[in-house]
Amino acid sequence: MLRVIVCGGGWGAELVADYLQSELEIIEVVRIIDWREPNYSKLTPSTRIERIEAALKAYQRHIDLVVLGDYAATTVIETLRTRNPQFSFVGMDVDAHRILRASHYPTNITILADSSFENSKIEQTLYNKLADSAFTVLQPQNWVESINAQELDEDLLYKDLSQIFQLPQRSSGSLAQTLLGETETKAHDDHITKLPNPDAVLLLNTYYWEIKKDLEAVFGWRVRVLDFRQQLLHDVCRSLKLRGVDGHRAR
C-alpha cells in the first residue's frame with residue numbers, strides 16, 4: 001500500500017488528511033499534524049521549514065509522498081524539495097481554469113486567506129491568469145481559532161462579512177468586530193463603503209474547508225465558493241502515478 005504523509009498545522013491539515021483518505025482507499029495516510037502551532041501563517045518561513053523537517057526525520061524510508069496540508073506550509077515547498085531530495089512533495093494549489101468555468105467571466109473575486117498569501121507563487125498565478133478580475137483579499141484574524149474551538153457558524157460569518165459585502169438582510173443581532181486584514185473597503189466618516197457581492201470566493205486556507213457550506217449559505221447561490229480540494233487530489237494522483245484519475249472520485 002502506498003504511504004502518504006500529510007503534515008502542516010492543526011485542523012486544516014487534518015481536513016486534508018481526511019479528504020485524501022476518503023478519496024483514495026489504496027493509500028495509507030500518515031498524519032504528522034503540528035498542534036503546537038496550529039496556524040502556520042504565524043510562523044516565519046524558516047520556522048515552517050524547521051518544523052516540517054523535524055517531523056519528517058522519523059520517516060526517511062518507505063514514504064511515497066509528502067503532502068503539505070496547508071497553504072502557509074506550501075510557500076516553502078521549493079526549499080523543502082531542494083533540502084530533502086529523498087522525499088516527493090505536493091502542496092496546495094489553485095485551478096485558474098476552474099475559476100473561469102462559469103457562465104460569465106468572474107469580474108469580482110474575493111480571496112479568503114492568511115498572511116502567507118502575500119507575495120506567494122499562488123498570488124502571482126491568480127493575478128496573472130485572471131488579470132481582468134478585481135480582487136478583494138481578506139485575512140480574517142480569528143477564524144482559525146474559532147474553527148478550532150468549534151465556535152464559527154453561519155450566523156457569525158454573516159455578522160463578519162455583512163460589514164464588507166452587500167449581503168441579503170437577516171434577522172440577526174449586532175455586527176461582530178470588523179475583519180482585520182487587507183481589504184478593498186474604504187472608510188469615510190466612520191462608515192464602511194460596502195463592496196458588491198463577488199462572483200467567486202476562493203478559500204486559500206484549508207481550515208476554511210470546514211465552513212465552506214456556511215459560506216455558500218451566507219453569499220447565496222449566485223456566488224461560487226471554491227476550495228480546490230479536487231486540484232490537490234489530481235496532483236497527489238499524478239505524483240503517485242495513479243492512472244485515470246482527474247480529481248473526481250470514481251463512482
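The lining of the largest pocket is a good place to start: its residues divide into eight nonpolar, six polar and six charged. Keep in mind as you look around that this is a predicted model. The space in this pocket comes to about 450 Å³. Its lining is made up of 20 residues, and those closest to the pocket centre are Thr74, Ile77, Met92, Asp93 and Lys121. If you colour the model by secondary structure, you can pick out the elements that each supply at least two lining residues: helix H3 (71-74), helix H4 (77-83), strand S4 (89-90), helix H6 (121-129) and helix H10 (229-239).

From the pocket, let us turn to enclosed space. One cavity of 30 Å³ or more is found, and the largest cavity holds about 90 Å³ of space. Among the 13 residues that line this cavity, Asn39, Tyr40, Asp70, Asp114 and Asn205 are the closest to its centre. By residue type, the cavity lining divides into six nonpolar, five polar and two charged.

Tyr40 deserves a closer look. This tyrosine sits in the loop between strand S2 (27-34) and helix H2. Its relative accessibility is 4%, and because buried means under 20%, Tyr40 counts as buried. Across the fold, Tyr40 and Gly8 are 7.3 Å apart from C-alpha to C-alpha, although 32 residues separate them in sequence.

Follow the chain onward and you come to helix H2 itself, which takes in residues 45-56. How does its length compare with what its twelve residues should span? At 1.5 Å a residue the expected span is 16 Å, and the end C-alpha atoms lie 17 Å apart, so the two agree. The buried residues of this helix are Arg48, Ile49, Ile52, Glu53 and Leu56. Looking down the axis of H2, you will see these buried residues fall within an arc of 120 degrees, which means that they line one face of the helix. The spacing makes sense, because an α-helix has 3.6 residues a turn and residues three or four places apart point the same way.

Finally, a word on the cysteines. Cysteine 7 is buried, at 2% relative accessibility, and cysteine 237 is buried too, with a relative accessible area of 1%. How many disulfides does the model contain? A disulfide is a covalent bond between the sulfur atoms of two cysteines. With a cut-off of 2.5 Å between the sulfur atoms, the count comes to zero disulfides.

Key: Residues are numbered from 1 along each chain as its sequence is written. This is a predicted model: local features need pLDDT of at least 70, side-chain atom pairs count only at pLDDT 80 or more; totals for chains, interfaces and linings use all residues. Side-chain values use heavy atoms; hydrogens and water are left out. On a 1 Å grid over the protein atoms alone, a cavity is a set of points where a 1.4 Å probe fits but cannot get out, and a pocket is an open set with protein on both sides within 12 Å along at least five of seven lines; lining residues have an atom within 4 Å of a point. Grid points are joined across faces, edges and corners, and a volume is the space filled by probe spheres set on the points. Helices (H or I, at least four residues) and strands (E, at least two) are DSSP runs, numbered from the N terminus. Ala, Val, Leu, Ile, Met, Phe, Trp, Tyr, Cys and Pro count as nonpolar, Asp, Glu, Lys and Arg as charged, and the others, Gly among them, as polar. Buried means under 20% relative accessible area, exposed over 50%, partly exposed in between (1.4 Å probe, protein chains only). The expected span of a helix is 1.5 Å times one less than its number of residues. The arc is that of the directions from the helix axis to the C-beta atoms.
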